[in-house]
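Reader: I'd like to go through the aromatic rings in this model and hear the reasoning behind each label. Can you show it to me?

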Amino acid sequence: MNPPRAPRSLWRHARIASFDGDRPWGWLDDGALLVEGDRIAWVGPDAALPAERLTGGGPLDEIDLGGALLTPGLIDAHTHLVYAGDRAAEFEQRLQGASYEQIARAGGGIRSTVAATRAADDEALFTLAAARARALMAEGVTTIEVKSGYGLNERDEARCLAVARRLGRELPVAVRTTSLGAHALPPEFEGRADDYIAEVCRWLPGQQAAGLVDAVDAFCDTIGFTPAQTRRVFDAARALGLPVKLHAEQLSDQGGAALAAGYRALSCDHLEHLSPAGIAAMQAAGTVAMLLPGAYYFLRDTTLPPVAALRAAGVPMALASDHNPGSSPCLSLLLMLNMGCTIFRLTPEEAWRGVTVHAARALGLGDRGRIAAGLRADFVVWDAGHPRELCYRFGHNPLRRRLFGGMPD
């Protein structure tokens, strides 16, 4: 059975931040947007709306927005939504002086979430992940990237990816899945990291054959995997034609960003310890810098990612929630807009481009993240006059309407 076709709709008298073209914000002060099916058919000044576009093609639903703000749907391009359990006790331990690395080496951290995730059945994992996805959607998110990485064996990694795929089938949100088997070393491979990486590489063809994976990620750092081990995972991904991304330079400079750029990675993520050489490699490869202020804040980090140097090099910067139980248990991309500005010193427009056009680029998606004819009709109407208002306020959600593929919630 085919899904219902989105009706034709005309959204008039909107303040539109399209993020398309060279104008700041892609701004239209009194704009109109015509939707046909799941695509944007026309966008421009309301006064320039061609009369011939309104005739034919079936009934047309006309909505006067009265000057409300219209933006692309938000894109959360780095999340870990599928897991069970929580790590509130570790939060308390860190407040008492334990470091993230100390907790991980003592058997906490990612491994504790792995144990809880392995013990949960598929339905429980879906119920938990769906609630998290709905929280993001309630703030205007229309596309979410979901990583595995809390199964850390062949069966449970596949289960987590399958749950993520199910989110995209059963909720009105697009889901891109990323295989992150190289997230941490599971206890059964203690002292045998190279053997575990061989297993991760062995799983990838089956994940791809089952339609479970869109990209491959790894954690290259002192408590993750070495550059040489990361390279083995990326070689396996490249052999399958899968794009890569990398958790890079979060806790130390391992040269991961330059390594990933050598594989033309979609994004390098975290980047607090990114070097000038890493920036140059990312710039040359067109790799997106994925900034994650939620983790920086939650871990009380003190080394800022080199935003000014990334800006000067013209490296596109994206923002994401990095929702996960250990270092960023946040389900608010609107809060990340504020944190990106206040903590990382992005401009409001840079922050907004980070959750729209550059987030789409970080997922390899060219059909969203902007308001332009021919792109997906994923957009949000806000009770606000300008996007900067959503960066300025936090703990505030002015969402009025959310449309996914031309269909309202």
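Reader: How many aromatic pairs are there, and what makes two rings a pair?

Author: The count comes to eleven aromatic pairs. Rings of Phe, Tyr and Trp (its six-membered ring) pair if their centres lie within 6.5 Å; planes under 30 degrees apart are stacked, over 60 edge-to-face, and the rest tilted. Bear in mind that this is a predicted model, where local features need pLDDT of at least 70, side-chain atom pairs count only at pLDDT 80 or more, and totals for chains, interfaces and linings use all residues. Residues are numbered from 1 along each chain as its sequence is written, and side-chain values use heavy atoms, with hydrogens and water left out.

Reader: Why is the pair Y196 and F225 called stacked?

Author: The ring centres of Y196 and F225 are 6.1 Å apart, within the 6.5 Å limit, and their planes meet at 20°, under 30, so the pair is stacked. Y196 is in helix α6 (residues 193–209) and F225 in the loop between β9 (215–220) and α7 (227–239), so the pair ties together parts 29 residues apart in sequence. Helices (H or I, at least four residues) and strands (E, at least two) are DSSP runs, numbered from the N terminus.

Reader: How do you know whether Y196 and F225 are buried or exposed?

Author: Buried means under 20% relative accessible area, exposed over 50%, partly exposed in between (1.4 Å probe, protein chains only). Y196 has 0%, so Y196 is buried, and F225 at 3% counts as buried too.

Reader: What makes F234 and Y263 edge-to-face?

Author: Their centres are 5.3 Å apart and the planes stand at 70°, over the cut-off of 60, so edge-to-face is the label. F234 belongs to helix α7, while Y263 is in the loop between α8 (256–261) and β11 (267–270), 29 residues apart. F234 is buried at 0%, and Y263, at 14%, counts as buried as well.

Reader: And Q229: which helix holds Q229, and why is Q229 called buried?

Author: Q229 lies in helix α7. Its relative accessible area is 9%, under the 20% limit, so Q229 is buried.

Reader: How do you know that Q229 and D194 make a polar contact?

Author: Their side chains are joined at 2.9 Å. A polar contact is a pair of N or O atoms within 3.5 Å; within protein, one must be able to donate a hydrogen and the other to accept it, and residues adjacent in sequence count only if both atoms are side-chain atoms.
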